[in-house]
Amino acid sequence: IVAEICDEVSVVYAGRVIEHGTLEDIFKNTRHPYTEGLFNSLPNLENRQAELKPIKGLMPDPSNLPKGCAFCPRCEYAMEICKTQKPPRTYRNDTHYVECHLYNKDNIHEGKVNIR
C-alpha cells in the first residue's frame, strides 16, 4: 500500500524517525536495521509456506527508553556505542537519511557498515 500511494516514507521506531527518504531510497537502498527487519518480516505472497522472519525481542517501554539507540536491544548489528549514545542523522543524499551508528558520511552511499 505504501509503495502505491506515497512519494516519501518515514520509518518510525520508539517515536523517532530513524530512516526517511523517497520510495526508491527506502525500498532499494534500505539502511537502518529496523527497516531491514520490517522488509524481512513481510509475508512471501508467491510462497505461502515460507516462514516469516520476525524481528527479535519486543518494543521498549516508551516511558523508559534505552539511553542510546532505542532499537539497540533488538539489533543484530548493535555495538557498544549504540547502548550509550543516540545515533546522529547521516544523509545518503538530499532526500534519504538514517539515524544509525553503522553509517557515517564515508560509507552511507555504498551501504557498507562500520566495523564492529
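**Questions on a four-stranded sheet and its surroundings**

Q: In this predicted model, how many bridges join β2 to strand β4?
A: Happy to start with the sheet itself. Strand β4 covers residues 97-99 and runs antiparallel to β2. One facing pair across these strands is Glu-19 with Val-98, the latter in β4. The number of bridges joining β2 to β4 is two.

Q: What is the order of the strands in the open sheet?
A: Strands of a sheet pair through backbone hydrogen bonds, either parallel or antiparallel. Here the sheet has four strands and the pairing is antiparallel. The order is β1-β2-β4-β3.

Q: Which strands stand at the edges of the sheet?
A: An edge strand has a single partner, so one side of it is left without a neighbour in the sheet. From one strand to the next, the twist averages 20°. The edge strands are β1 (8-13) and β3 (89-91).

Q: How many bridges join β1 to β2?
A: Strand β2 spans residues 16-22, and β1 runs antiparallel to it. Among the facing pairs, Tyr-13 is opposite Arg-16 of β2, and Val-11 has Glu-19 as its bridge partner there. The number of bridges joining β1 to β2 is six.

Q: About what angle does the direction of helix α3 make with that of β1?
A: Helix α3, residues 33-40, packs on the sheet and touches both β1 and β2. The buried residues of this helix are covered by elements including β1, β2 and α2. The angle between the directions of α3 and β1 is about 100°.

Q: Which residues of α3 are buried?
A: A residue counts as buried when its relative accessible area is under 20%. The cover over the buried part of α3 includes two strands, β1 and β2, along with helix α2. The buried residues are Pro-33, Tyr-34, Thr-35 and Gly-37.

Q: Which residues of β1 point to one face and are buried?
A: Side chains alternate along this strand. Glu-8, Ser-10 and Val-12 point to the other face and are not buried. That leaves, on the buried face, Val-9, Val-11 and Tyr-13.

Q: Which residue in the turn of the β1 and β2 hairpin has a positive phi?
A: The hairpin has two residues between its strands. The residue in question is not a glycine, yet its phi is near 50°. With a relative accessible area of 18%, under the 20% cut-off, this residue is also buried. The residue is Ala-14.

Q: Which element gives the most residues to the largest nonpolar core?
A: In soluble globular proteins, nonpolar side chains tend to be buried together. The largest nonpolar core here has 21 residues, and Tyr-13, Tyr-34, Phe-71 and Tyr-103 touch the most other members. Both β1 and α2 (23-28) supply at least two residues of this core. The element giving the most, with three residues, is β1.

Q: Which residues does Tyr-13 touch, not counting residues up to four places away in sequence?
A: Tyr-13 belongs to the core and is one of the residues that touch the most other members. The side chain of Tyr-13 points to the buried face of β1. The contacts are Ile-18, Tyr-34, Leu-58, Met-59, Pro-60, Ala-70, Phe-71 and Arg-74.

Q: How many disulfides does the structure hold?
A: A disulfide needs two cysteine sulfur atoms within 2.5 Å. The sulfur of Cys-69 has its closest cysteine sulfur in Cys-82, 6.0 Å away, which is too far for a bond. Cys-72 is in no disulfide either, with the sulfur of Cys-82 at 5.2 Å as its nearest. The number of disulfides is zero.

Q: Is Cys-72 buried or exposed?
A: The limit for buried is under 20% relative accessible area. Cys-69 passes at 13%. Cys-72 has 12%, so Cys-72 is buried.

Q: Which residues are in contact with Lys-83, leaving aside neighbours within four places in sequence?
A: Lys-83 lies in helix α4, residues 80-84, and counts as partly exposed at 46% relative accessibility. Its C-alpha atom is 8.2 Å from that of Pro-73, ten residues apart along the chain. The contacts are Lys-67, Gly-68 and Cys-72.

Q: Which feature does UniProt place at residues 18-82?
A: Over this stretch the chain is 26% helix and 8% strand. The end C-alpha atoms are 13 Å apart. The unreviewed UniProt entry gives the feature as "domain: Oligopeptide/dipeptide ABC transporter C-terminal".

Notes: Residues numbered from 1 in each chain as written. Predicted model: local features only at pLDDT ≥ 70, side-chain atom pairs only at ≥ 80, totals over all residues. Heavy atoms only, no water. UniProt positions renumbered as here; feature names shortened; annotations may be inferred. Pairing = 2+ DSSP bridges. Axes fitted to C-alpha atoms, helices over the stretch in contact; angles between N-to-C directions. Contact = heavy atoms within 4.5 Å. Core = buried A, V, L, I, M, F, W, Y, C linked by side-chain atoms within 4.5 Å. Buried < 20%, exposed > 50% of the residue type's maximum accessible area, 1.4 Å probe, protein only.
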